[in-house]
Amino acid sequence: DLQSNLQPDLLQEFEFRFQQVHEEFYKALNERYPNLSPNDRRLCVFLKLNMTTKEISAITHQNAKSIDVARSRLRKKLNLTGTDQNLSIFLAQLGS
């Protein structure tokens, strides 16, 4: 549904609903990583949902390379650089 409508209002509604359903995830994310930007948090949500770079790219209207760069920067902000920890798995376990 997100991909078919691709409207900013719909994306904001999705984030709001996700935050309501996954309140513990947001709480843990904000407590442990308060310096994340809104775009970083949005990327975390998509990754927690196990979305691919291509799917995220389609929803956010960003090129896949930009998503890859954002993922790398997010890994750094989450102190996961130099580790074998999978970013999606790390986020899936956060707040669980």
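**A salt bridge, a two-sided helix and a buried serine**

Asp 40 is buried, with a relative accessible area of 9%. This value, like the others reported here, comes from a predicted model. Asp 40 is a good place to begin a tour of the structure, since its partner leads on to another helix.

That partner is Lys 77, which forms a salt bridge with Asp 40; the closest N and O atoms of the pair are 2.5 Å apart. Side chains of opposite charge can pair when their charged atoms come close. Asp 40 belongs to helix H4 (residues 38-48) and Lys 77 to helix H6 (residues 64-77), so the salt bridge ties together parts that are 37 residues apart in sequence. Lys 77 has a relative accessibility of 39% and therefore counts as partly exposed, while Asp 40 is buried. In total, the count comes to 1 salt bridge.

Attention now turns to helix H3, which spans residues 23-32 and has Phe 25, Tyr 26, Ala 28 and Leu 29 as its buried residues. These four lie on the same side of H3, because they cover an arc of only 165 degrees around the axis. Glu 23 and Glu 31, by contrast, are exposed on the other side of H3.

A last stop is Ser 88, found in helix H7 (residues 87-93). With 11% relative accessibility, Ser 88 counts as buried, because the cut-off for this class is under 20%. Beyond its neighbours within four places in sequence, Ser 88 is in contact with Leu 47, Asn 50 and Arg 71.

Definitions and conventions
Residues numbered from 1 in each chain as written. Predicted model: local features only at pLDDT ≥ 70, side-chain atom pairs only at ≥ 80, totals over all residues. Heavy atoms only, no water. Helix = DSSP H or I, 4+ residues; strand = E, 2+ residues; numbered from the N terminus. Buried < 20%, exposed > 50% of the residue type's maximum accessible area, 1.4 Å probe, protein only. Contact = heavy atoms within 4.5 Å. Salt bridge = Lys/Arg side-chain N within 4 Å of Asp/Glu carboxyl O. Arc of directions from axis to C-beta.
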